[in-house]
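The exercises below are to be worked with the sequence and the coordinates open. Each task is followed by a solution in steps.

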Amino acid sequence: MATANTQSKVPSHILGYPRIGDKRQTKFALEHYWKGKKDKAATQAALLEVFTTNIQDQIDAGLDIITTGDFAHYDLVLSQAVAFGVQPPRFAGAATLDTFDRQFYFARGCDHTGQYEDNAAWQMTKWFDTNYHYLVPELEADEDFSNTDFTQIFKQVSDAKAIIEKNAQEGKIDKKLKVVLVGPVSFLYLATSKAEDKLDHLDKLLPVYADLLNQLGEQGVDWVQMDEPILSLDLDGRWQQAFERAYNGLQQTPPQLIVANYFDTLGNNCHVACNLPVSGIHIDITRSSQPKQYVTQVIDHLPSHKLLSIGVVDGRSVWTTDQARVQDILTEANERLNTPHSYNNGNQPKAADGKDNQRLWVGTGSSLLHLPVDLTSEEVPKNLKGKLAFAKQKLSEVVICAKLATGELQPDVTATDISLSPTQSDAQVRDGVFSDRYAKQEAKLNLPLLPTTTIGSFPQTAEIRKARRQWNNGELSDSDYQDAMKAEIRQCVTDQEALGLDVLVHGEAERTDMVEYFAQYLDGFWLAKNGWVQSYGTRCVRPPIVVGDISRPKAMTVDWISYAQSLTNKPMKGMLTGPVTILNWSFAPSDAATRDILRLQIAEAINQEVSDLQDAGISIIQIDEPAFREGLPLKQAEHASYWKQAVDSFKHSASSAKPETQIHTHMCYSSFHDCLHHISAMDADVITIETARSGLQLLDAFKVDGNIDRADGSANIEGGYQNAIGPGVYDIHSPRAPDSDTMQIVIDEAQKYIPIERLWINPDCGLKTRNWEEVRQQLRNMVEMTHIVRKKYAA
């Protein structure tokens, strides 16, 4: 029988919540503000409505600890860097902007207030192995973090407290407040710095954290959640020691601290994390293949006076939680953590309900940021009823799981993941080595030196969105919709020819998203109508949900691409999304074995599309893989298996291509230094990469010293990358239009690494999020630069 201590209430909480709003209110409010259609007061009022709903949702669900501080207007790392006074020198004068406007200037490279000139925006890269992007803080060698401004953080605290107090006055139980911060060690790890060692900043950074924590304590904040996701990585001794140094320096601050880790297990950082001088730690068991053993390991390392928050509700899965499995884990953890002999008298953490004897918290594995907001407005298929849960539904799941821990509730055995039974076949590879293929492709395509092209998408105009909305609502017939999209394609082709581009694209007018579009034509996916998830800033995507084996019943792009090709004599690229990206940007099972099978199923579908495009006369086909490195597991031990499966699936997707058919791929916002072997093994004829926002740092990974193909057909990567490359010459995520001289810097630098005859010229990424005025000017400058460079390097 459970002891009295075991039966005490187990506090429930989350690590974070979506900030886009259930109808993307945040997105629309900010975009109207940047365009001058809404003033600051009205914009902030709209944001406050979403914030208020987020806090109220937590209260209504019955969570014991209410989480705030994570409501970033663009990105949490960016917001915190701005609060800490980080300001690269090129943004001279930006300190006169308040932190609300300054963050957008850094993120977009454009000061929408009109006071300061356009500048290169901060680099943006993936948040670990998710499809969320964070803004990378840029630290000077002598960064002193002196110009701090915590206004935005404190406003969230005061607003959240007001909502909690209002609910208490209405008879609802008072709640404790928890503020989310990116922890100091992860903050430095994720930043770039001109210092020789990023850890040199720690001594100046810690007093800033201490000051912030002291002020939060003065405002009555009970808990501060210090997000330290790098504890999921294989850290060396220096970074492990940095954790001890950092939290030793913060242990006297008033709010109780809980260090939160997620996305994987603590691994070899378990001892370090468990022994930090904080009140407790949070672990994510939803990504562990052996969650029960993992919890046992952590409890064995955890001192008896500390609490353990166990993340049992998956913050990255739309499937309901397996309650029976969770109860088994939590019941045992509760018994072990809350037996009387385990306490260190006088040093127990305060529980959310005021009791001193509760060492177990229950929460989400990670922030719910990575999920759609609310399932209630969806028309869920009958076979999925009761199996899905979005962010709002996950709140209730957390409360249920906390009650399962004490036996107050019995598990709902019908709540479980979907069952898949796919079969696997062998991956295939295309014929020929690159050098032979490229020679045949050059002869067929007859392109000039430094061919110009774009990554694929062009602006999704108001007219496109209106036609799609009318079509979806039944107000526009299929034929009328197709005519509307063909008119957009005609205009896109006409504009590209007028600009003088060499390889054209059809512009993707008919596509909502590069993954969603394909999912709607593939068996085995379901699309939620309002399943929006933040990707970066105000950019939202609708990840499809894998519900069964994946196959391609019919062609998905051939008619559109063929129509576009009929409008021009120039080569038209067929645009496809690769299997790694489709899987990674969908809600799919997280276990590696199932993902490997699904990835190859998608590869076969794309391979069939390549074959049909080729038969339709399309000579260049791009298979985008921006998530190629993003999907890499966080633990080194799992890398080799992932790389093999990822490379094999890409090669299979292109295996039907003839030697004279040119295969392109695109990657963005990743570091390629540690995966060049695997990119080379993909054997795409042309790879286009992001370089402009990263300050050309990515180019170094592709440096070529030789020009030799191996006998087995793989590239000689000891001599660098051997295939063709298109380094992005400007950042499309900023509305600014760099002049041709600025773009030329990229090519002048690139030719030091890559032979000029294997260089292509293109933007960093697709142009979907820009408007036509911006696009025309940007591409006009790009083509102008190309003509100058061709004369310079023509032999």
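**Exercise 1.** Are H2 and H5 roughly parallel or roughly perpendicular to each other?

Solution. The model is a predicted one, and the values that follow are computed from it.
Step 1. Take helix H2, residues 25–34, and helix H5, residues 99–108; their axes come within 13 Å.
Step 2. The crossing angle of these two axes is roughly 85 degrees.
Step 3. Angles of 65 to 115 degrees count as roughly perpendicular, so H2 and H5 are roughly perpendicular to each other.
Step 4. On the H2 side the contact involves Leu 30, Tyr 33 and Trp 34, and on the H5 side Phe 100, Asp 101, Phe 104 and Arg 108.
Step 5. Sorted by class, the residues of this contact are 5 nonpolar, no polar and 2 charged.
Step 6. Rings at this contact also belong to a cluster: ring pairs join Tyr 33, Trp 34, Tyr 74, Phe 100 and Phe 104.

**Exercise 2.** Determine how H2 and H3 are oriented to each other, and list the residues that meet.

Solution.
Step 1. The axes of H2 and helix H3 (residues 40–61) are 9 Å apart, at an angle of about 170 degrees.
Step 2. Angles over 145 degrees count as roughly antiparallel, and H2 and H3 are therefore roughly antiparallel to each other.
Step 3. H2 contributes Gln 25, Thr 26, Ala 29, Leu 30 and Tyr 33, while H3 contributes Lys 40, Thr 43, Ala 46, Leu 47 and Val 50.
Step 4. The classes in the contact of H2 with H3 are 6 nonpolar, 3 polar and 1 charged.

**Exercise 3.** Classify the aromatic pair of Phe 458 and Trp 772, and place both residues in the chain.

Solution.
Step 1. The structure holds 27 aromatic pairs.
Step 2. In the pair of Phe 458 and Trp 772, the centres are 5.3 Å apart and the planes make an angle of 25 degrees, and the pair is stacked.
Step 3. Phe 458 is in the loop between helix H14 (434–445) and helix H15 (462–472), and Trp 772 is in helix H24 (residues 772–793). The two residues are 314 residues apart, and the pair links distant parts of the chain.
Step 4. Buried means under 20% relative accessible area. Phe 458 counts as buried because its relative accessibility is 2%, and Trp 772 is buried at 15%.

**Exercise 4.** Which residue has its charged end over the ring of Trp 532, and which residue lies over the face of Tyr 189?

Solution.
Step 1. For Trp 532, the residue is Arg 24, with its charged end 3.8 Å from the ring centre.
Step 2. For Tyr 189, the residue is Lys 198, at 5.6 Å from the ring centre.

**Exercise 5.** Describe the backbone and the accessibility of Asn 446 and Glu 508.

Solution.
Step 1. Most residues other than glycine have a negative phi.
Step 2. Asn 446, not a glycine, has a positive phi of about 55 degrees. Glu 508, not a glycine either, has a positive phi of about 65 degrees.
Step 3. Asn 446 lies in the loop between H14 and H15, and Glu 508 lies in the loop between helix H16 (478–499) and helix H17 (516–519).
Step 4. Asn 446 counts as exposed because its relative accessibility is 66%, whereas Glu 508 is buried, with a relative accessible area of 11%.

Key: Residues are numbered from 1 along each chain as its sequence is written. This is a predicted model: local features need pLDDT of at least 70, side-chain atom pairs count only at pLDDT 80 or more; totals for chains, interfaces and linings use all residues. Side-chain values use heavy atoms; hydrogens and water are left out. Rings of Phe, Tyr and Trp (its six-membered ring) pair if their centres lie within 6.5 Å; planes under 30 degrees apart count as stacked, over 60 as edge-to-face and the rest as tilted. Helices (H or I, at least four residues) and strands (E, at least two) are DSSP runs, numbered from the N terminus. Buried means under 20% relative accessible area, exposed over 50%, partly exposed in between (1.4 Å probe, protein chains only). A charge sits over a ring if NZ of Lys or CZ of Arg is within 6 Å of the ring centre and within 35 degrees of the ring normal. Axes are lines fitted to C-alpha atoms, for helices over the stretch in contact, and angles run from 0 to 180 degrees between N-to-C directions. Angles under 35 degrees count as roughly parallel, over 145 as roughly antiparallel, 65 to 115 as roughly perpendicular and the rest as oblique. Contact means heavy atoms within 4.5 Å. Ala, Val, Leu, Ile, Met, Phe, Trp, Tyr, Cys and Pro count as nonpolar, Asp, Glu, Lys and Arg as charged, and the others, Gly among them, as polar.
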